[in-house]
Amino acid sequence: MKSLQGEVHLNIPASKAWEMFTNNETLGKISPEMLSGAEYLEGDGSPGSLRIFKLGPALHHFVKESVQKVEKVETGRSFGYEVVSGELKEVYDPYHVTFSFAPVPGKEGEQCVAGWKAEFEPITPTSPPPEKAKDAALGFLKLFETCEATN
């Protein structure tokens, strides 16, 4: 299986970033241009839950929606899921994503490193790596520190 990953430094605590990522209402307010909404179709966010991300117009050229099956949750640290439907599923199968939030040592109450990692198998040999997904995810995470919801 192939993988792609990246990270961004945020000027908010990991606990705040975690709270924002796991709250569907907050996620939809960070940047509606990128992510217009998130909701659980089944479950409450624990493993086995189904969550849909409805992407905003800034990403419609790439992905309109993504339904994810939650695979692993380490509260306050990482959230992993497999994409089970949507445009990404048409290009990669499987497509697993993990978002992680780690405090910056010595600045635990102020900063964190937010990570994104995809593990995937392209359906065809010509399928490119999901660079656009990585860039969109990291750009979205960076907006956490400027979102009004953090106040």
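The sulfur of C112 lies 14 Å from the closest cysteine sulfur, that of C147, which is too far for a bond. This is a predicted model, and it holds zero disulfides. The structure does hold nine salt bridges. Its aromatic pairs come to eleven. R51 is buried yet has no salt bridge.

**Cysteines**

- A disulfide is a covalent bond between the sulfur atoms of two cysteines.
- The cut-off for the sulfur pair is 2.5 Å. C112 finds its closest cysteine sulfur in C147, at 14 Å, so the gap is too far for a bond.
- The view from the other end agrees: for C147, the closest cysteine sulfur is in C112, 14 Å away.
- C112 is buried, with a relative accessible area of 0%.
- C147 also counts as buried, because its relative accessibility is 7% and the limit for buried is under 20%.

**R51, a buried charge**

- R51 sits in strand 3, which covers residues 50–55.
- Which side chain of opposite charge is nearest to R51? The answer is E39, 10 Å away. A salt bridge needs the nitrogen within 4 Å of a carboxyl oxygen, so this distance does not qualify.
- The side chain of R51 has polar partners instead. One is the side chain of N24, in a polar contact of 2.7 Å.
- Another is the backbone oxygen of F21, which lies 2.8 Å from a polar atom of the R51 side chain.
- R51 also lies over the face of F21, at 5.3 Å from the ring centre. F21 thus meets R51 through its backbone oxygen and through its ring.

**Aromatic pairs and cluster**

- The count of aromatic pairs is eleven.
- F21 and F101 make a tilted pair, with 5.7 Å between centres and 50 degrees between the planes.
- F21 belongs to helix 1 (residues 14–22) and F101 to strand 6 (residues 92–103), so this pair ties together parts that are 80 residues apart in sequence.
- Both partners are buried: F21 has 2% relative accessibility, and F101 has 0%.
- Y92 and F120 pair edge-to-face, at 5.3 Å centre to centre and 70 degrees between the planes.
- That pair links distant parts of the chain, with Y92 in strand 6 and F120 in strand 7 (residues 112–122), 28 residues apart.
- Are Y92 and F120 buried or exposed? Both are buried.
- One aromatic cluster is formed by W18, F21, F79, Y81, F99 and F101. The tilted partners F21 and F101 are among its members.

**Salt bridges**

- The total is nine salt bridges. Three of them are described here.
- E39 pairs with K54, and their closest N and O atoms are 3.4 Å apart.
- The E39 and K54 bridge links distant parts of the chain: E39 is in strand 2 (residues 35–42), K54 is in strand 3, and the two are 15 residues apart.
- Both ends of this bridge are partly exposed, E39 with a relative accessible area of 37% and K54 with 35%.
- E39 therefore appears twice in this picture: it bridges to K54, and it is the nearest opposite charge to R51, although 10 Å away.
- E131 forms a salt bridge with K134, with 3.8 Å between the closest N and O atoms.
- Where do E131 and K134 lie? Both are in helix 3 (residues 131–142), three residues apart, about one turn of the helix.
- E131 is partly exposed at 35% relative accessibility, whereas K134 counts as buried at 17%.
- Salt bridges that share partners join E82, K89 and D93 into one network.
- Within that network, the side chains of K89 and D93 meet at 2.6 Å, N to O.
- K89 is partly exposed, with a relative accessible area of 21%. D93 counts as partly exposed at 42%.

Technical notes. Residues numbered from 1 in each chain as written. Heavy atoms only, no water. Helix = DSSP H or I, 4+ residues; strand = E, 2+ residues; numbered from the N terminus. Buried < 20%, exposed > 50% of the residue type's maximum accessible area, 1.4 Å probe, protein only. Lys, Arg positive; Asp, Glu negative; His and termini not counted. Polar contact = N/O pair within 3.5 Å; in protein donor to acceptor, adjacent residues only side chain to side chain. Phe/Tyr/Trp six-rings, centres within 6.5 Å; stacked < 30°, edge-to-face > 60°. Lys NZ or Arg CZ within 6 Å of the ring centre and 35° of its normal.
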